[in-house]
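Me: I should like to go through the terms used for this structure and ask on what grounds each one is applied.

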Amino acid sequence: QLQASGGGLVQAGDSLRLSCAASGRTFSSYAMGWFRQAPGKEREFVAAIGWSGGITTYAGSVKGRFTISRDNAKNTVYLQMNSLKPEDTAVYYCAASYSSSTYISAYNYWGQGTLVTVSS
């Protein structure tokens, strides 16, 4: 089970950190990803991290602004979001996969989502 949190209403240029807490003893065996879905749009890939945290992948739209990280001791994955833009407004979902991927279909388990709203 995945529980995302940390969303909220911020202004453009602000920072926000999302967290995703996982239950179970096998968290460190999974690659983790963050996706987002803006109103009226399809869900899209944001960032992914390998099981050890050594390999990260980002969507071009967030590269250099967002950082994904994980703490396997706490069964938690994070998404640090800096220099937020209004176009970052979306519901953000965390997900777990057997291998790191940018594809939605590769992820087996999904959290419930947390809303991030960035005002201009």
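Me: How much area does the protein expose, and what share of it do carbon and sulfur atoms supply?

Reply: This is a predicted model. The protein exposes about 6200 Å², and 49% of that area comes from carbon and sulfur atoms.

Me: What makes the radius of gyration of the protein agree with that of a compact globule?

Reply: The rule for a globule is 2.2 Å times the number of residues to the power 0.38. For 120 residues a compact globule would have a radius near 14 Å, and the protein has 13 Å, so the two agree. Along its principal axes, the C-alpha trace spans about 40 × 25 × 25 Å.

Me: Which secondary structure elements does the protein hold, and how many of each?

Reply: The protein has zero helices and eleven strands. From the N terminus on, the elements run β-β-β-β-β-β-β-β-β-β-β. Among contacts between residues at least 6 apart in sequence, 56% join residues at least 24 apart.

Me: Why is N75 called buried?

Reply: Buried means under 20% relative accessible area. N75 has 18% relative accessibility and therefore counts as buried. N75 lies in the loop between β7 (66-71) and β8 (76-81). Leaving aside residues up to four places away in sequence, N75 touches C20, A21, A22, G24 and F27. Of the 120 residues of the protein, 42% count as buried.

Me: What makes strand β4 mostly covered?

Reply: Strand β4 comprises residues 31-37, and six of its seven residues are buried.

Me: How do you know that β4 pairs with β9, and in which sense?

Reply: Two strands pair if at least two bridges are found between them. β4 and strand β9 (residues 90-97) have seven bridges, in the antiparallel sense, so the criterion of at least two is met. In this pairing, Q37 has V91 in β9 as its bridge partner.

Me: On what grounds is β4 also said to pair with β5?

Reply: Five bridges join β4 to strand β5 (residues 44-49), and the two run antiparallel. Because the criterion asks for at least two bridges, these five suffice. The bridge partner of G33 in β5 is A48. β4 and β5 form a hairpin with six residues between them. In the turn, G40 has a positive phi of about 75 degrees.

Me: How many positive and negative side chains does the protein have, and how far apart do the centres of the two sets lie?

Reply: There are 10 positive and 6 negative side chains. The centres of the two sets lie 7 Å apart.

Key. Residues are numbered from 1 along each chain as its sequence is written. This is a predicted model: local features need pLDDT of at least 70, side-chain atom pairs count only at pLDDT 80 or more; totals for chains, interfaces and linings use all residues. Side-chain values use heavy atoms; hydrogens and water are left out. Helices (H or I, at least four residues) and strands (E, at least two) are DSSP runs, numbered from the N terminus. Buried means under 20% relative accessible area, exposed over 50%, partly exposed in between (1.4 Å probe, protein chains only). Contact means heavy atoms within 4.5 Å. Accessible areas come from the Shrake-Rupley method with a 1.4 Å probe; for residues, only the protein chains shown count as cover. Lys and Arg count as positive and Asp and Glu as negative; His and the chain ends are not counted. The place of a charge is taken as NZ of Lys, CZ of Arg, CG of Asp or CD of Glu.
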